[in-house]
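Hi,

Here is the structure I promised to pass on. Have a look at it first, and then read my notes below.

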Amino acid sequence: MTTTHNSMAERAAGVEITDLRKSYGSNEVLKGISLDVKPGEVVCLIGPSGSGKSTLLRCVNLLEQPNGGTIHVGGFEATDPEVNLDKMRQNVGMVFQQFNLFPHLTVLENCTVAQIKVLKRDKATAQATAKLNLERVGLGDFGARYPDELSGGQQQRVAIARALSMEPTLMLFDEPTSALDPETVGEVLAIMKKLASEGMTMLVVTHEMAFAKEVADRVVFMDGGVVVEEGRAAEVIGNPQQPRTQDFLRRVLDPTHVDI
Amino acid sequence: MAMTTSQRARLSKTIQIVLFIAIIVALVLALDWDKTRYAFFSFEELGPMFPDMIIVGLKNTIFYTVISFAFGLVAGLLLALMKMASFAPYRWFATAFVEFFRGIPAILVLLAFGFGLPQAFGTLWPQPVNIMLALGLVSSAYIAETLRAGLQAVPKGQTEAARSLGMPAWRAMVTIVIPQAFKIVLPPMTNEVILLTKDSSLAFILGMSITQYELTKFGRDGIQSLDAGLTPLVVAGMFYLVITIPLSLVARKFESRSARTKR
């Protein structure tokens with residue numbers, strides 16, 4: 001699939017986040033985050049729950065409305081009130097922790113519905129694109145099934161194929177393996193690794209440290225709504241400099257050795 | 001003498017059956033059978049009511065119900081969306097509307113449309129239009145609540161996934177949320193049709209021409225014109241059951257199906 005490979009790397013978009021702030025009432029969950037993702041780069045966001053990493057990710061395609069700061073995605077300024085949000089989101093694929101497949105549609109229809117209704121592709125073209133992407137995630141024969149007939153790992157792979165069918169220039173992953181049975185985590189991570197090697201820009205919120213270390217170009221450690229430490233994946237995970245990062249990684253990587 | 005549990009259970013059942021039979025026998029002996037038969041079962045006197053009771057009465061009951069429901073469904077969906085709107089005046093209007101039409105008896109709404117409208121504005125349209133407007137408005141208030149509950153039962157992640165694929169809000173609603181909500185509300189909606197079928201009988205208090213009669217009006221007319229006691233209404237009741245029992249069977253089938261799978 002060299003053509004897809006090349007075109008994907010060429011089309012890949014970056015993200016520039018500057019001084020992003022988000023509050024729920026008086027609770028400030030993002031306290032001025034700045035973060036750049038270059039086209040084709042894979043960045044993993046790690047940190048304890050409640051650190052704001054999912055909120056940050058959801059701000060990138062405006063599922064959460066930021067209270068301050070700017071976000072540029074591809075050619076769009078997401079935080080501009082005049083921006084065409086729907087147009088912007090067509091280029092930003094999103095994969096959720098809970099899959100969020102459409103249960104009333106077949107696997108194939110899940111992957112064609114937005115192509116047909118949003119991109120106005122004809123049905124045959126949409127189905128061809130959907131089949132291609134279902135094959136990419138190893139589910140080429142599953143088009144006629146309904147989501148509730150699939151395992152969690154299979155559902156998440158369909159969700160990835162659904163996002164890819166829009167031919168996005170950037171993919172956002174919000175804890176894509178956190179709701180999965182342990183034995184199906186690997187199949188989803190393998191697909192994500194393949195995507196990364198094909199040159200897709202990826203921003204991934206994850207607790208899978210082995211994946212982050214192996215696949216990410218950069219790892220960003222967040223805690224309490226700020227970026228505590230960031231750098232090359234091997235450095236942040238293998239040799240963290242900040243005490244909070246060290247503490248977090250010790251607990252994640254070696255859960256049985258915690259001082260109580 | 002001690003009894004085992006099963007012996008005691010059998011004795012209890014026997015006593016219940018004997019009591020039941022005793023009550024039936026007492027009723028049979030106490031009732032004046034000639035009068036009872038005349039009041040409720042004078043079927044042989046009903047010849048003049050047929051076939052009009054079916055081709056006019058039953059037909060009109062079904063017609064009024066179906067059109068009122070269609071109207072109630074459209075207005076109810078609109079009200080449900082208004083209740084969920086971010087613009088507050090929409091929510092206020094919808095809430096006031098729903099509370100008003102759920103809070104007053106349907107028969108008052110029918111009187112307001114059937115008598116009030118013609119008094120205030122002259123005859124605007126044939127009487128059945130007033131009936132269907134009144135029934136439609138009343139049912140829209142109930143349908144709005146059912147639909148709102150159904151729409152809110154669809155997980156928020158569904159809308160988020162649809163919006164993330166670039167769908168505008170209305171498209172996510174039409175293509176993703178409403179079809180799922182529809183399956184959730186099918187059983188309560190079927191019950192709504194059953195209630196509406198019965199409520200259409202309230203139209204009998206309004207004046208109308210004989211071709212506009214529905215079942216109950218037909219029955220009441222029969223009581224006055226025939227020498228058959230209340231039998232015409234008994235027959236009307238049977239026709240209602242002919243409509244409502246299949247509907248509840250359908251509702252039960254939907255319920256068991258949606259219980260089996262989320263689809």
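What follows is a quick tour of the interface, the salt bridges, a pocket and the cavities.

One thing to keep in mind from the start: this is a predicted model.

Let's begin with the record. An unreviewed UniProt entry annotates residues 15–249 of chain A as "domain: ABC transporter". In the model, that span is 37% helix and 26% strand, and its end C-alpha atoms lie 26 Å apart.

Next, the place where the two chains meet. Chain A puts 25 residues into the contact and chain B puts in 20 residues. The size of an interface is often given as the accessible area lost when the parts come together. Here the area buried between chain A and chain B comes to about 1,900 Å², with carbon and sulfur atoms giving 60% of that.

How many salt bridges cross the interface of chain A and chain B? The rule finds two there, while a search of the whole structure turns up 20 over all chains. As a reminder, side chains of opposite charge can pair when their charged atoms come close. A:Arg58 pairs with B:Glu160, and their closest N and O atoms are 2.6 Å apart. That pair runs from helix 2 (residues 53–60) of chain A to helix 7 of chain B. B:Arg163 also forms a salt bridge, with A:Asp86 as its partner and 3.5 Å between the closest N and O atoms.

Both of those chain B residues turn up again in the second largest pocket, so to speak: B:Glu160 and B:Arg163 are among the residues nearest its centre, along with B:Lys156, B:Thr159 and B:Val177. The lining of that pocket has 19 residues in total, and the pocket's volume is about 430 Å³. Helix 6 (127–153), helix 7 (156–164) and helix 8 (169–199) of chain B are the elements that each give two or more residues to the lining. By class, the lining of the second largest pocket has 10 nonpolar, three polar and six charged residues.

Now for the enclosed spaces. There are two cavities of 30 Å³ or more in the structure.

The largest cavity holds about 50 Å³ of space. Which residues line the largest cavity? From chain A they are Val92, Gly93, Met94, Phe96, Arg162 and Ala163, and from chain B they are Ala161, Ser164 and Leu165. Strand 6 (92–95) and helix 6 (152–164) of chain A, together with helix 7 of chain B, each give two or more residues to this lining. Strand 6 of chain A provides the largest share, three residues. The lining of the largest cavity divides into six nonpolar residues, two polar and one charged.

The second largest cavity has a volume of about 40 Å³. Its lining is made up of A:Arg136, A:Val137, A:Leu164, A:Ile191, A:Lys194, A:Leu195 and A:Glu198. Helix 7 (residues 182–197) of chain A gives the largest share of this lining, three residues. Four of the lining residues of the second largest cavity are nonpolar and three are charged, with no polar ones.

If you open the model, a good pair of residues to find is A:Arg58 and B:Glu160, the salt bridge that crosses between the chains.

Cheers

How values were computed: Residues are numbered from 1 along each chain as its sequence is written. Chains are lettered from A and ligands numbered from 1 in the order in which they are written. This is a predicted model: local features need pLDDT of at least 70, side-chain atom pairs count only at pLDDT 80 or more; totals for chains, interfaces and linings use all residues. Side-chain values use heavy atoms; hydrogens and water are left out. On a 1 Å grid over the protein atoms alone, a cavity is a set of points where a 1.4 Å probe fits but cannot get out, and a pocket is an open set with protein on both sides within 12 Å along at least five of seven lines; lining residues have an atom within 4 Å of a point. Grid points are joined across faces, edges and corners, and a volume is the space filled by probe spheres set on the points. Helices (H or I, at least four residues) and strands (E, at least two) are DSSP runs, numbered from the N terminus. Ala, Val, Leu, Ile, Met, Phe, Trp, Tyr, Cys and Pro count as nonpolar, Asp, Glu, Lys and Arg as charged, and the others, Gly among them, as polar. UniProt positions are given in the numbering used here, feature names are shortened, and annotations may be inferred rather than shown by experiment. Contact means heavy atoms within 4.5 Å. Buried area is the accessible area (1.4 Å probe) that two parts lose on being put together, summed over both. A salt bridge is a side-chain nitrogen of Lys or Arg within 4 Å of a carboxyl oxygen of Asp or Glu.
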